[in-house]
Amino acid sequence: MPTFYDTHAHLDYPDFADDLPEVIARAQAAGIVKIVTIGTDLESSRRGIQLAEQFPNVSVVVGWHPCEASKAPEDLRPALREMARHPKVVALGETGLDYHRLPSQQRESRKPSPLAPLPNGSAEGRKAEPDPAADERYKARQAELFRQHLEMAAELGLNCVIHQRDALEDTLAQLGPFATRVRGVFHCFANDVAAMRGILEMGSLVSFTGILTFKNGQNIRDTLAATLLDEFMLETDCPYLAPVPYRGKRCEPAYVKEIAEVAAQVKGCSLGELSEATCATAKKFFRGLA
């Protein structure tokens, strides 16, 4: 049976608290022989390290998710440097830029309008105004954390797992100065062929999830079809994005099998060829993933 890796999972999430050993066992039974669990803040990263110590086939990526940027310490680098000493830490992340939900789109972050209700309860209107300055502060904080991850990756000889949403141009611009020292994998890739080629030209990679199997995922399949066999990886991003036929349910690493079956069809290759290529790419990208 061809074997595969799940290169992006969130095993420390509460979704797996009650049955993680069984989840790991099902993955192994499905031929998913290695799992990379991804940190989203310092506590999540520490939990990932503990899981990697507990399960021999689990490795960990440590870092701080851009959507949680406002909660991050001012300087994340000392913590990243310390955690990266652990032998089962294989990369930094997930890090990057996410402009999909900016503060101005959140009700609680909007500035009171001059027409908002007055303290005594009277009002001339009730409409709130977006606060563009809040958006810029949020973007700047994400960019600073991304820079810190890249600096540490360059210093420590690691690569970065990159999360970007609605921010591709800025993400590539920030990665560019580090591109000769740090590679990124753009996880849960959902952009077009031109974006994929721009990423690969920088020496980085893309990774595909269960979206590949969705009825409305033809654009993702088109991008995969144009991606060379040794320039992408497979992942679940579990507990999210379960592939068909499990869509809508909790995702888990075993479901890389279903993702791989569709990927092989799209690429016109055997599962064995896909296994050999994607696992070799993962071993090359993730430090110490033997």
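These legends walk through a handful of close-ups of a predicted model.

**View 1. Strand β3 and the way its side chains face.** Here we look at β3, residues 58-62, a strand that is mostly covered, with five of its five residues buried. Val58, Val60 and Val62 point one way from the strand, while Ser59 and Val61 point the other way. That pattern fits a general habit: in a regular strand, side chains alternate between the two faces of the sheet. In β3, residues on both sides are buried.

**View 2. The neighbours of β3.** Strand β2, residues 32-38, pairs with β3 in the parallel sense, over four bridges. Look for valine 36, which stands opposite serine 59 of β3. To get from β2 to β3 the chain passes through α2, and this β-α-β crossover is right-handed. β3 also runs parallel to strand β4, residues 89-98, and three bridges join these two. In that pairing, valine 62 stands opposite leucine 92 of β4.

**View 3. Alanine 52 in helix α2.** Now zoom in on alanine 52, which sits in helix α2, residues 42-54. Is alanine 52 buried or exposed? Its relative accessibility is 2%, and buried means under 20%, so alanine 52 counts as buried. Leaving aside residues up to four places away in sequence, alanine 52 touches Val58, Ser59, Val60 and Lys88. Val58, Ser59 and Val60 should ring a bell, as they are among the buried residues of β3. For a sense of scale, try leucine 168: this residue is 116 residues from alanine 52 along the chain, and their C-alpha atoms are separated by 31 Å.

**View 4. The loop between β8 and α8.** Two prolines and a leucine are worth finding in this stretch. Proline 239 is found in the loop between β8 (232-234) and α8 (256-267), and the peptide bond leading to it from cysteine 238 is cis, with omega near 20 degrees. Proline 245 has its place in the loop between β8 and α8 too. A cis peptide bond joins proline 245 to valine 244, with omega about 15 degrees. Leucine 241 is found in the loop between β8 and α8 as well, and its phi is positive, near 60 degrees. These are things to notice because most residues other than glycine have a negative phi, and most peptide bonds are trans. At 27% relative accessibility, leucine 241 counts as partly exposed.

**View 5. Cysteine 188 in the loop between β6 and α6.** This close-up moves to another loop, the one between β6 (184-186) and α6 (193-201), where cysteine 188 lies. What is the phi of cysteine 188? It is near 50 degrees, a positive value in a residue that isn't glycine.

**View 6. Helix α8 and what covers it.** Helix α8 has twelve residues and reaches 16 Å from its first C-alpha to its last, close to the 16 Å expected at 1.5 Å a residue. Which residues of α8 are buried? They are Val256, Glu258, Ile259, Ala260, Val262, Ala263 and Ala264. What covers the buried residues includes the strands β1 (4-9), β2, β7 (205-208) and β8, along with the helices α7 (218-225) and α9 (271-285). Just after α8 comes glycine 268, with a positive phi of about 65 degrees.

Terms used:
Residues are numbered from 1 along each chain as its sequence is written. This is a predicted model: local features need pLDDT of at least 70, side-chain atom pairs count only at pLDDT 80 or more; totals for chains, interfaces and linings use all residues. Side-chain values use heavy atoms; hydrogens and water are left out. Buried means under 20% relative accessible area, exposed over 50%, partly exposed in between (1.4 Å probe, protein chains only). Contact means heavy atoms within 4.5 Å. Two strands pair if DSSP finds at least two bridges between them. A crossover is right-handed if, with the strands pointing away from the viewer, the path from the first strand over the helix to the second runs clockwise. The expected span of a helix is 1.5 Å times one less than its number of residues.
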